[in-house]
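Trainee: Got a minute to go through this one with me? I'd like to start with the charges.
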Amino acid sequence: MGKLKIEMLGTSFTIQANENNEYLEKLLGYYKRITDDVKNIDSIKSPLQVAILSGIMICDELYKEKQNKVAMENGTYVPPQLDFDSEELERRAAEMISKIDKVL
């Protein structure tokens, strides 16, 4: 059983869960990365809006992954087409490098 102290979006609290501390820290880190991205949206002003939109974005990601899993199990999965021009590939590579640098 793990414990996690959460301090973000103007609030602080501690939770207990049936996962180890390392796993809980990884989850919180992932959520913080999502909220940091949402905070960069000009129209999002309050911490509550950041939290709600971040939750919706994570739900969207989970839902799509579940749909892909079902499609793979049914043999109907079609991978996305990777038809990018060189500028798009360069932009995506720069984004990945930036994300890797943040983790390291």
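Trainee: So how many positive and negative side chains does the protein have?
Mentor: There are 14 positive and 18 negative side chains, counting Lys and Arg as positive and Asp and Glu as negative, with His and the chain ends not counted. The centres of the two sets lie 8 Å apart, with each charge placed at NZ of Lys, CZ of Arg, CG of Asp or CD of Glu.
Trainee: Any ground rules for the model?
Mentor: It's a predicted model, where local features need pLDDT of at least 70, side-chain atom pairs count only at pLDDT 80 or more, and totals for chains, interfaces and linings use all residues. Residues are numbered from 1 along each chain as its sequence is written, and side-chain values use heavy atoms, with hydrogens and water left out.
Trainee: OK, what pattern does the protein follow along the sequence?
Mentor: Reading along, you get β-β-α-α-α, so 3 helices and 2 strands, taken as DSSP runs numbered from the N terminus (helices H or I, at least four residues; strands E, at least two). The radius of gyration is 17 Å, well over the 13 Å that the globule rule gives for 104 residues, so the protein is more spread out than a compact globule. That radius is taken over C-alpha atoms, and the rule is 2.2 Å times the number of residues to the power 0.38.
Trainee: And how much of the protein is buried?
Mentor: 13% of the 104 residues. Buried means under 20% relative accessible area, exposed over 50%, and partly exposed in between, using a 1.4 Å probe and protein chains only.
Trainee: Which residues make up the largest nonpolar core?
Mentor: L4, I6, M8, A17, L24 and L28. A core here is a set of buried Ala, Val, Leu, Ile, Met, Phe, Trp, Tyr and Cys residues joined through side-chain atoms within 4.5 Å. β1 (2-8) and α1 (21-39) each supply at least two of its residues, and the largest share, 3 residues, comes from β1.
Trainee: What does L24 touch?
Mentor: G2, K3, L4, A17 and E19, leaving out residues up to four places away in sequence. Contact means heavy atoms within 4.5 Å.
Trainee: Switching to T35: buried or exposed?
Mentor: T35 is buried, at 1% relative accessibility. It sits in helix α1 and is in contact with M8, L9, V50 and S54, again leaving aside neighbours within four places in sequence.
Trainee: Where does L9 lie?
Mentor: In the loop between β1 and β2 (11-17). L9 is partly exposed, at 22% relative accessible area, and its phi is near 55°, a positive value in a residue other than glycine. Most residues other than glycine have a negative phi.
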